[in-house]
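Here's a quick walk through one model, written for someone who likes to know the cut-offs behind the words. Have the structure open while you read.

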Amino acid sequence: TYEKTPYKPVKKYVTDSLAKITGIASEDMNVQRQFLPKWNEIVKAGTERDRSRIPQLRTLLQEGASPILVRKALWALMRINDPDTLGDVLPFMSSDDLETRTTAYEAAKFIANRSELAFTPTAPKDRREQQLEAWRAHWEKTRQK
């Protein structure tokens, strides 16, 4: 539709809709087309709890292009439940995006099996950073070096 329509309002509607769906604000349809294969890869990794896909999930997290893909990759890591991935999840607990912080916290709590470590995604930033320090200390103490 985007490429075939001569109407600017239709193009705007398509790009606005895709931005909501993918979390990527781009009029480049090649960028938008990359979303679905990545999404499918993440869902498959999480659904199958496939540890061999952890490197791909880490790459997607490092790209960070789409908050929607980041949150889904965090979900997949939680489903895989490999203690070595806690360090990949923790940085997202300081995200500016509340939904990403919440998803990261849920994943961290599950992966670390630590419900007693506090983290309040809605707290002011300075309080969240203090709470996150306890998570980082736990990671440093327990990670395999």
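## Starting from α4

The buried residues of α4 pack against α3, α5 and α6. Buried here means under 20% relative accessible area, with exposed over 50% and partly exposed in between, using a 1.4 Å probe and protein chains only. Helices are DSSP runs of H or I with at least four residues, strands are E runs of at least two, and both are numbered from the N terminus.

One caveat up front: this is a predicted model, where local features need pLDDT of at least 70 and side-chain atom pairs count only at pLDDT 80 or more, while totals for chains, interfaces and linings use all residues. Residues are numbered from 1 along each chain as its sequence is written, and side-chain values use heavy atoms, leaving out hydrogens and water.

Which residues of α4 are buried? They are Ile54, Leu57, Leu60 and Leu61. These four sit on the same side of α4 because they cover an arc of only 120 degrees around the axis, the arc being that of the directions from the helix axis to the C-beta atoms. Just after α4, Gly64 takes a positive phi of about 55 degrees.

## The overall picture

Zooming out, the protein has eight helices and zero strands, so there is no surprise in the pattern α-α-α-α-α-α-α-α, with helices defined as DSSP runs. The C-alpha trace spans about 60 × 35 × 20 Å along its principal axes. Of the 145 residues, 39% are buried.

As for contacts (heavy atoms within 4.5 Å), take the ones between residues at least 6 apart in sequence: 53% of them join residues at least 24 apart. The accessible surface comes to about 8,700 Å², and 52% of that belongs to carbon and sulfur atoms; the areas come from the Shrake-Rupley method with a 1.4 Å probe, and for residues only the protein chains shown count as cover.

On charges, there are 25 positive and 20 negative ones, with mean positions 3 Å apart. Lys and Arg count as positive, Asp and Glu as negative, and His and the chain ends are not counted. Each charge is placed at NZ of Lys, CZ of Arg, CG of Asp or CD of Glu.

## The nonpolar core

In soluble globular proteins, nonpolar side chains tend to be buried together. A nonpolar core is a set of buried Ala, Val, Leu, Ile, Met, Phe, Trp, Tyr and Cys residues joined through side-chain atoms within 4.5 Å. The largest one here has 32 residues, and Leu57, Val89, Leu90, Met93 and Trp135 touch the most other members. At least two residues of this core come from each of α3 (35-48), α4 (54-63), α5 (67-80), α6 (86-89), α7 (98-112) and α8 (125-142). Which helix gives the most? That's α5, with eight residues.

Val89 is a good one to click on. Not counting residues up to four places away in sequence, Val89 touches Leu74, Leu77, Ala104, Ala107, Ala108 and Ile111.

## Around α1

Helix α1 covers residues 8-22 and contains Ala19. Ala19 touches Ile24 and Ala25, again leaving out residues up to four places away. The C-alpha atoms of Ala19 and Gln32 are 8.6 Å apart, with these positions 13 residues apart along the chain.

Thr22 is also placed in helix α1. Beyond its neighbours within four places in sequence, Thr22 is in contact with Gln32, Phe35, Ser66 and Ile68. Pro67 is 45 residues away from Thr22 along the chain, yet their C-alpha atoms are separated by 8.3 Å.

## Loops and accessibility

Two residues that aren't glycine have positive phi: Arg49, near 50 degrees, and Asn113, about 55 degrees. Arg49 lies in the loop between α3 and α4, while Asn113 is in the loop between α7 and α8. Glu116 lies in the loop between α7 and α8 too. Glu116 and Leu74 are 42 residues apart in sequence and 20 Å apart in space, C-alpha to C-alpha.

Here is how the individual residues sort by accessibility.

| Residue | Relative accessible area | Class |
|---|---|---|
| Thr22 | 2% | buried |
| Ala19 | 24% | partly exposed |
| Arg49 | 48% | partly exposed |
| Glu116 | 53% | exposed |
| Asn113 | 66% | exposed |
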